[in-house]
Amino acid sequence: MTPSRTWLRNPKAIFTANALDATGGLVIEGERIIEVVGAGGTPQSPYEVTFEARDHVILPGLINTHHHFYQTLTRAWAPVVSVPLFPWLTNLYPVWARLTPRDLELATTVALAELLLSGCTTVADHHYLFPGGMEESIDIEVSVVKKLGMRAMLTRGSMTLGEADGGLPPQQVVQDADVILADSERLIAQYHERGEGAKVQIGLAPCSPFSVTTDIMRSSAALAEQHDVRLHTHLAETIDEEEFCKEMFDLRTVDYLESVGWLTDRTWLGHGIHFNDEEVARIGAAGVGVAHCPTSNMRLASGICRAVELEEAGAAVGLGVDGSASNDASNMILEARQALYLQRLRYGAERVTPERALGWATTGSARALGRDDIGQIAPGKQADLALFTTDDLRFSGSHDPLSALLLCGADKADRVMVAGDWRVIDGAIEGLDLATLIAEHSAAARRLVAG
Ligand SMILES: [Zn+2]
């Protein structure tokens, strides 16, 4: 943590994600932002340290709302490079069923390091694989998050419908409802932090309508209500899923969501693509969150999320890189670029500005995770910041520095701060040996697919 009050002075450009003028920079004290400074101004608060930000474009720390960390071990795996969601899943499940605790530790470290270096300060993960020996998966993720000094919303996922019950996953990765619910309660009691500045939070996350029973959807909602934690699942990702839902429950996906008590602002959804007009209005009116995952949606050719209409209807639209078997990168600033371009195809260039895409990656994502203390630069908010330089070859000749981050394809932050603490300096993570990590993680990935 910064020992004293610091003025990050006169940035090259700054995006506050609100209407405040912070042209003159911002002042931080401890974990929080205490002041923003207008054009040509100096801070009202006394400050002891000045950080010259003239070469930096400052953003609120980016927030990733959907991921599966373990999938960094199956990036670009040949058998699923060019297939849609369902065969992608059925090919990968048997590989993922061999996951070990050390594999998950390495995979989580890689995903978090990659995110952090891309300017991301808060991450959500959806972990739903608990084969024998992997009972402490979320505990492993918590320890890596703490080691890297990030914020996280870690969700206790679940699958109960194996192949024998008409589901997609193999039997060895599904669990009984009582085991899932007892472990969910344990994790909430052990790790869930509440209120402003929370570093680790726990959510409940049945994998998808096609991998759990109606009972587990209902009891997860009840447990989330009882402990005041958030709910997450995949929904409306593909037309295959919509048809599966109709066949299995005789309902469309949003009707099913409502029937199990999930159509509330406690819920955020992975993908949320295939909604009709009436469903967009209902999702918006309920204030449900949607994690838009543009790269994954293009990779699996799932469809284009109706992000602008959902946002205008009242939904909390955030961005997610999704798991690394379907992206296959964990880079939040590049994901904002993908969102900008994919959404322009649907809504046109004028409605989808760089600021709108950056808004999804910051305030929109914060809201999807149920938080108002992160995702923007304003007095009282947490000091989570991403600072980019624009002196690389790719920016040469660019004019507007903020637009240039997305249009020229910034992929690496120069500095990243989480809760007032610099976690990335000069493009490197404090205290992490990347070469060793890559060697160990790559070896684990080869072993996993070899079986
Ligand atoms: Zn996903």
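In the predicted model, His66 and His234 are both buried. Both residues belong to the zinc site, where the protein donors are His66 (NE2), His68 (NE2), His234 (NE2) and Asp322 (OD), at 2.1 to 2.5 Å from the zinc ion. Along the chain, these donors follow the spacing H-x1-H-x165-H-x87-D. His66 is located in the loop between β7 (62-64) and α1 (85-96), and His234 in strand β11 (residues 231-235), so the pair ties together parts of the chain that lie 168 residues apart in sequence. The angles among the four donor atoms run from 88 to 172 degrees, and the site is irregular. For four tetrahedral donors, the ideal angle at a metal is 109.5 degrees. The upper end of the range, 172 degrees, is incompatible with a tetrahedral assignment because that class requires all angles to lie between 85 and 135 degrees.

The donor Asp322 is found in the loop between β14 and α11. With a relative accessibility of 4%, Asp322 counts as buried. Its backbone has a positive phi of about 65 degrees, although the residue is not a glycine. Most residues other than glycine have a negative phi, and most peptide bonds are trans. The loop between β14 and α11 (332-347) also holds Asp328, which is joined to Asn327 by a cis peptide bond with omega of about 5 degrees.

Strand β14 (residues 316-319) has Ala316 and Gly318 pointing one way and Val317 and Leu319 pointing the other way, and all of these residues are buried. In a regular strand, side chains alternate between the two faces of the sheet. β14 pairs with strand β13 (residues 289-292) in the parallel sense, over four bridges. Within this pairing, Val290 has Val317 of β14 as its bridge partner.

Helix α6 (residues 239-249) contributes the buried residues Glu241, Glu242, Phe244, Cys245 and Phe249. These residues cover an arc of only 160 degrees around the axis, which puts them on the same side of α6. An α-helix has 3.6 residues a turn, so residues three or four places apart point the same way. The elements against which the buried residues of α6 pack are α1, α5 (214-227), β11 and α7 (253-259). Among these elements, β11 is the strand that carries the zinc donor His234. Just after α6, Asp250 adopts a positive phi of about 60 degrees, although Asp250 is not a glycine. Asp250 is placed in the loop between α6 and α7 and is exposed, with a relative accessible area of 66%.

Thr122 is part of strand β8 (residues 120-127) and is buried, at a relative accessible area of 2%. Leaving aside residues up to four places away in sequence, Thr122 touches Leu62, Ile63, Asn64, Arg151, Leu369, Ile374 and Asp384.

The structure contains zero disulfides. Cys120 is in no disulfide, and the nearest cysteine sulfur, that of Cys293, is 13 Å away. Cys293 is likewise in no disulfide; the cysteine sulfur nearest to it belongs to Cys305, at 8.6 Å. These separations exclude a bond because a disulfide is assigned to a pair of cysteine sulfur atoms within 2.5 Å. Cys120 counts as buried at 0% relative accessibility, and Cys293 is buried with a relative accessible area of 0%.

Key. Residues are numbered from 1 along each chain as its sequence is written. This is a predicted model: local features need pLDDT of at least 70, side-chain atom pairs count only at pLDDT 80 or more; totals for chains, interfaces and linings use all residues. Side-chain values use heavy atoms; hydrogens and water are left out. Donors are N, O and S atoms within 2.8 Å of the metal (3.2 Å for Na, K and Ca); water is not among the atoms, so sites may look incomplete. Four donors count as tetrahedral if all angles lie between 85 and 135 degrees; four count as square planar and six as octahedral if opposite donors are over 155 degrees apart and all others between 65 and 115; anything else is irregular. Helices (H or I, at least four residues) and strands (E, at least two) are DSSP runs, numbered from the N terminus. Buried means under 20% relative accessible area, exposed over 50%, partly exposed in between (1.4 Å probe, protein chains only). Contact means heavy atoms within 4.5 Å. The arc is that of the directions from the helix axis to the C-beta atoms. Two strands pair if DSSP finds at least two bridges between them.
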